[in-house]
Amino acid sequence: MSVYYGTLTSKGQTTIPAEVRQMLNLKPGDRIRYIIRDGEIIVRAKNRQASDLKGRFHDADREPVTLEDMKEAIGEAVAEHVAERS
């Protein structure tokens, strides 16, 4: 585990340490998500768009999936996730 420190300004701003920016591949203008879970804060870079993934999952040997099948699979995954949280 590595620990990095920053300092909070009076305006609520902080500088992200260079090592962290490098790990997250952050560039000026990138958005950052702060996720609070079980008393911990998780910082994630939101510097990708769905269009960046275009072609990454293509498999010429796989049968295409219909939109209805996708919606059903997503619904099942959401239901399973909600059931696990209860």
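Let's start with charge: Glu68, Asp69, Glu72, Glu76, Glu80 and Glu84 together form a negative patch on the surface. Keep in mind that this is a predicted model. Take Glu84 from that group and look at where it sits: it belongs to helix H2, which covers residues 67–85. Its relative accessibility is 56%, so Glu84 counts as exposed, the cut-off for that label being over 50%.

Now stay on helix H2 for a moment, but switch sign. Arg85 also has its place in this helix, yet Arg85 is part of a patch of positive charge, where it gathers with Arg31, Arg33, Arg37, Arg44 and Lys46. Arg85 counts as exposed because its relative accessibility is 69%.

So where does the rest of the positive patch come from? Strands E1 and E2 each supply at least two of its residues. Of the contributors, E1 gives the most, with 3 residues.

That brings us to the strands themselves. E1 runs over residues 31–37 and E2 over residues 40–46, and the two pair in the antiparallel sense over 7 bridges. If you want a landmark for the register, find Ile36 and look across: Ile41 in E2 stands opposite.

Between the two strands, the hairpin has 2 residues. One spot here deserves a look at the backbone. Asp38, found in the loop between E1 and E2, has a positive phi of about 50° although it is not a glycine. As a reminder, most residues other than glycine have a negative phi. Is Asp38 buried or exposed? Asp38 is exposed, because its relative accessible area is 79% and anything over 50% gets that label.

Asp38 has company in this respect. Asn25 is not a glycine either, and Asn25 takes a positive phi of about 55°. Where is Asn25 in the chain? Asn25 has its place in the loop between helix H1 (18–24) and E1. Its relative accessible area is 43%, so Asn25 is classed as partly exposed; that class lies between the under 20% of buried residues and the over 50% of exposed ones.

To put the pieces together, walk along the chain once more. After helix H1 comes the loop that holds Asn25, leading to E1. E1 pairs with E2 in the antiparallel hairpin, with Asp38 in the loop between them. Both strands feed the positive patch, which Arg85 joins from helix H2. Glu84, from the negative patch, is in helix H2 too.

How values were computed
Residues are numbered from 1 along each chain as its sequence is written. This is a predicted model: local features need pLDDT of at least 70, side-chain atom pairs count only at pLDDT 80 or more; totals for chains, interfaces and linings use all residues. Side-chain values use heavy atoms; hydrogens and water are left out. Patches are made of residues with over 30% relative accessible area and no salt bridge: like charges are joined within 9 Å, nonpolar side chains (Val, Leu, Ile, Met, Phe, Trp, Tyr) within 5 Å. Accessible areas come from the Shrake-Rupley method with a 1.4 Å probe; for residues, only the protein chains shown count as cover. A salt bridge is a side-chain nitrogen of Lys or Arg within 4 Å of a carboxyl oxygen of Asp or Glu. Lys and Arg count as positive and Asp and Glu as negative; His and the chain ends are not counted. The place of a charge is taken as NZ of Lys, CZ of Arg, CG of Asp or CD of Glu. Helices (H or I, at least four residues) and strands (E, at least two) are DSSP runs, numbered from the N terminus. Buried means under 20% relative accessible area, exposed over 50%, partly exposed in between (1.4 Å probe, protein chains only). Two strands pair if DSSP finds at least two bridges between them.
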